[in-house]
Amino acid sequence: MANLLLNISACIALAAIILSLVRLIKGPTAADRTVALDTMTIVSISLIVFIAVLTRRIIYYDVAMVYALLSFIGVVAIARYLERGL
Amino acid sequence: MQQLKRCFLSFVFFFGLWVLLTGISDPQEIITGAIIACLASSLFWSSTDLWGEVQINPKAILYALIYPFVFAEALIRANLDVARRVIAPSLPINPGIVKVKTKLKSRIGKLILANSITLTPGTLTVETNGENFYIHWIDVTSPDIEEASHQIVQKFEKYLEVIFG
Amino acid sequence: MAVTGAIITLIGSLFLFLGSLGLVRMPDLYNRMQTGTKATTLGSILFLSGLAISQSEFINIDKTIVLILFIVFTNPISSHALARASHFIGIPLTEKTTVDRLAEDEGKE
Amino acid sequence: MKNTNFVTGSFIALTLVVILGIFFFQALNQPAHEGKTMPVDNVHLEDRVSLHYVLKNVNEASQYLESHGKSYFNERDEVPSKTIEFGKSKNLEEGSANEVTSIVVNYRGFDTLGEVTVLFISIIGLTLLMRGINNKKIREPSLILKTGTTFLSPLIVLFGIYVFVHGHLTPGGGFPGGAIIASGILLLIIGLESFQFNSVLSKSIESLAGLAFVGIALAGLFVKKSFLANFMPTGTVGYLYSAGMVALIYIVVGLKVGAELASGIAKLKEGGKND
């Protein structure tokens with residue numbers, strides 16, 4: 001039961017990534033694409049943790065944390081570049 | 001006294017993060033963590049002055065314990081609100097950028113206030129300028145400064161004013 | 001216990017999905033940012049804590065706390081930086097917009 | 001001024017290439033069997049890196065070894081039948097719980113020394129060639145971004161330190177840890193207008209770390225008569241104070257890589273001012 005529910009929620013999260021991909025392709029401006037990418041990253045972090053639980057490897061946590069860190073710094077860097085601040 | 005508080009709070013903060021990362025069971029990790037927290041707080045001495053602004057008194061600690069619940073309640077309401085707007089076929093939005101005033105002085109207080117505003121119902125901090133925050137509001141009920149401040153800022157400000165000054 | 005955690009995870013994933021849906025449906029960048037930030041933040045919090053509750057023997061709760069705190073702190077900051085940048089370079093607001101105090105104040109200077 | 005700088009840089013680069021080329025061809029000319037082999041006096045062949053290291057940090061490893069046990073290993077005769085338990089086995093030849101680290105830093109430690117040197121040379125090249133960004137019209141970051149940067153960058157650096165201190169226990173190690181530290185510095189550079197990169201501090205950290213790496217390697221040469229030999233007690237597998245020299249080398253590599261990459265990033269920002 002629990003495993004089935006967990007699998008369903010992973011599928012929904014995957015669908016969320018695909019929906020954001022629509023915005024990533026369509027987005028009229030660079031900022032729209034960045035927002036879509038940020039959303040995709042956060043969903044992916046959840047999915048990485050899900051895979052860590054699925055495969056019973058706690059060590060993937062560090063991967064998720066580094067990914068969160070890089071997404072934050074990447075979005076800030078893009079924002080500073082867009083506002084001519086870099 | 002101020003220096004001591006800065007030193008102590010930054011050490012506690014770094015050491016807390018280390019303990020969260022490694023777990024508390026192993027004494028070897030604890031010793032290494034204490035050494036590294038000392039090194040980090042001396043290396044980043046100039047950025048620890050944020051911690052000098054935090055108040056330590058019983059009322060502040062009590063409010064700091066209450067604040068996460070206030071914030072969580074606002075976060076959940078925010079998400080139900082967003083969900084309602086997204087699902088509704090007519091897309092009921094009435095957006096605009098309004099100006100609000102805050103009474104907070106400290107930088108970390110303003111940071112946490114802005115973060116709380118961004119994560120709560122229909123508001124997103126766009127720009128700060130001194131004591132003014134420019135906020136994108138998904139459903140503008142009144143463009144007036146006083147009224148908007150009352151609706152958006154006040155519930156957090158009450159707590160943050162005591163904690164951070 | 002396992003089922004409770006799994007239900008929380010399911011709710012979290014629904015919020016993640018709603019965030020993406022809002023990203024597609026909303027008319028302009030700022031409204032997209034609203035849904036993209038709020039819904040994904042609560043969604044990932046619920047997803048991670050639900051996993052921690054349902055599979056507590058395989059999960060590192062300390063690191064889950066660090067991850068959640070990091071997401072809660074950084075997500076608003078990065079979306080604030082992006083919103084500020086887009087307003088500065090003049091990405092237009094939607095036609096439904098009623099008031100724009102920031103543009104008015106910038107025009108004065 | 002520009003031209004002389006460029007000519008000097010090309011000259012130094014060319015000299016380095018010639019020196020490295022001489023080393024290369026000298027190595028090629030040596031007869032293959034003349035070199036000395038690694039001394040094996042007090043090393044047991046059963047303790048070498050092999051299948052049980054590969055299985056060690058997988059959670060099911062101990063159960064797997066119990067169920068298959070010796071029969072599994074006896075099918076492949078060269079694999080020893082001694083099991084290694086996480087958190088219990090002591091004084092192995094090489095006590096790191098992460099098998100990749102034991103190969104990268106211990107058995108192939110000389111390669112790592114070479115990699116660090118390559119990074120060093122590429123950062124020198126970057127410093128010589130980069131002109132930097134022309135940042136005349138620049139906008140101040142907002143107060144929230146400034147405060148958030150001040151608040152978060154020490155935590156990012158602390159996380160980088162965590163990654164390279166635990167290089168022998170978890171995935172990661174010196175190079176990822178150094179890169180995380182450099183990204184913390186990158187956040188400071190893009191988020192704080194007033195941040196001044198301390199190049200003297202970074203250069204001294206980098207040089208001292210490089211010296212320490214060679215010093216540890218030479219200590220191995222003196223104690224165990226082999227360059228980069230693991231001369232320290234290796235402790236219990238899975239604890240922080242284990243794996244002897246491996247942990248020390250990864251700390252040194254992390255500091256060196258972090259300082260190098262950070263100085264490279266800072267150069268990208270400040271390079272324009274020299275011209």
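This is a guided tour of a predicted model, moving from the contact between chains C and A to the spaces enclosed there, and then to the contact between chains D and B and the largest pocket.

Because this is a predicted model, local features are reported only at pLDDT of at least 70 and side-chain atom pairs only at pLDDT 80 or more, while totals for chains, interfaces and linings use all residues. Residues are numbered from 1 along each chain as its sequence is written, chains are lettered from A in the order in which they are written, and side-chain values use heavy atoms, with hydrogens and water left out.

**Stop one: chains C and A**

Select chain C and chain A together, and colour the residues in contact, meaning those with heavy atoms within 4.5 Å: 47 residues come from chain C and 46 residues from chain A. The two chains bury about 4,200 Å² between them, 79% of it on carbon and sulfur atoms, where buried area is the accessible area (1.4 Å probe) that two parts lose on being put together, summed over both. To see which residues of chain C contribute most as a trio, show Leu23(C), Phe58(C) and Leu82(C), which supply 14% of the area that chain C buries against chain A, more than any other three residues.

Next, look for charged pairs across this contact, using salt bridges defined as a side-chain nitrogen of Lys or Arg within 4 Å of a carboxyl oxygen of Asp or Glu. There are two salt bridges between chain C and chain A, whereas a search of the whole structure finds six over all chains. Select Arg32(C) and Asp32(A), whose side chains meet in a salt bridge at 2.2 Å, N to O; this pair runs from helix 2 of chain C to helix 2 (residues 30-54) of chain A. Then move to Asp62(A) and Lys63(C), where the side chains meet in a salt bridge at 3.0 Å, N to O.

Now display the chain C side by its helices, which are DSSP runs (H or I, at least four residues) numbered from the N terminus. Helix 1 (2-25), helix 2 (29-54) and helix 3 (61-88) of chain C each supply at least two residues of the side that touches chain A, and helix 3 gives the largest share, 16 residues. By class, that side of chain C divides into 30 nonpolar, 14 polar and three charged residues, with Ala, Val, Leu, Ile, Met, Phe, Trp, Tyr, Cys and Pro counted as nonpolar, Asp, Glu, Lys and Arg as charged, and the others, Gly among them, as polar.

**Stop two: the cavities**

On a 1 Å grid over the protein atoms alone, a cavity is a set of points where a 1.4 Å probe fits but cannot get out, and lining residues have an atom within 4 Å of a point. Grid points are joined across faces, edges and corners, and a volume is the space filled by probe spheres set on the points. The count comes to four cavities of 30 Å³ or more.

The largest cavity has a volume of about 90 Å³, and its lining includes Asp38(A), Ile42(A), Phe72(A), Phe70(C) and Asn75(C). Helix 3 of chain C gives the largest share of this lining, five residues, and the classes are six nonpolar, four polar and one charged.

The second largest cavity has a volume of about 60 Å³; select Val35(A), Asp38(A), Met33(C), Asn75(C) and Leu82(C), which are among its lining residues. By class, this lining has four nonpolar, six polar and one charged residues.

**Stop three: chains D and B**

Select chains D and B, where 22 residues of chain D are in contact with 26 residues of chain B. The area buried between them is about 2,300 Å², of which carbon and sulfur atoms give 80%. Show Ile144(D), Phe151(D) and Leu158(D), which lose the most area to chain B within chain D, together 26% of what that side buries. Across this interface the rule finds zero salt bridges. Helix 6 of chain D gives the most to the side that touches chain B, with 14 residues.

**Stop four: the largest pocket**

A pocket is an open set of points with protein on both sides within 12 Å along at least five of seven lines. About 1,600 Å³ of space lies in the largest pocket, and of its 47 lining residues the closest to its centre are Phe13(B), Pro68(B), Leu69(C), Phe73(C) and Phe151(D). Helix 3 of chain B gives the most to this lining, with 11 residues, and by class the lining has 43 nonpolar, four polar and no charged residues.
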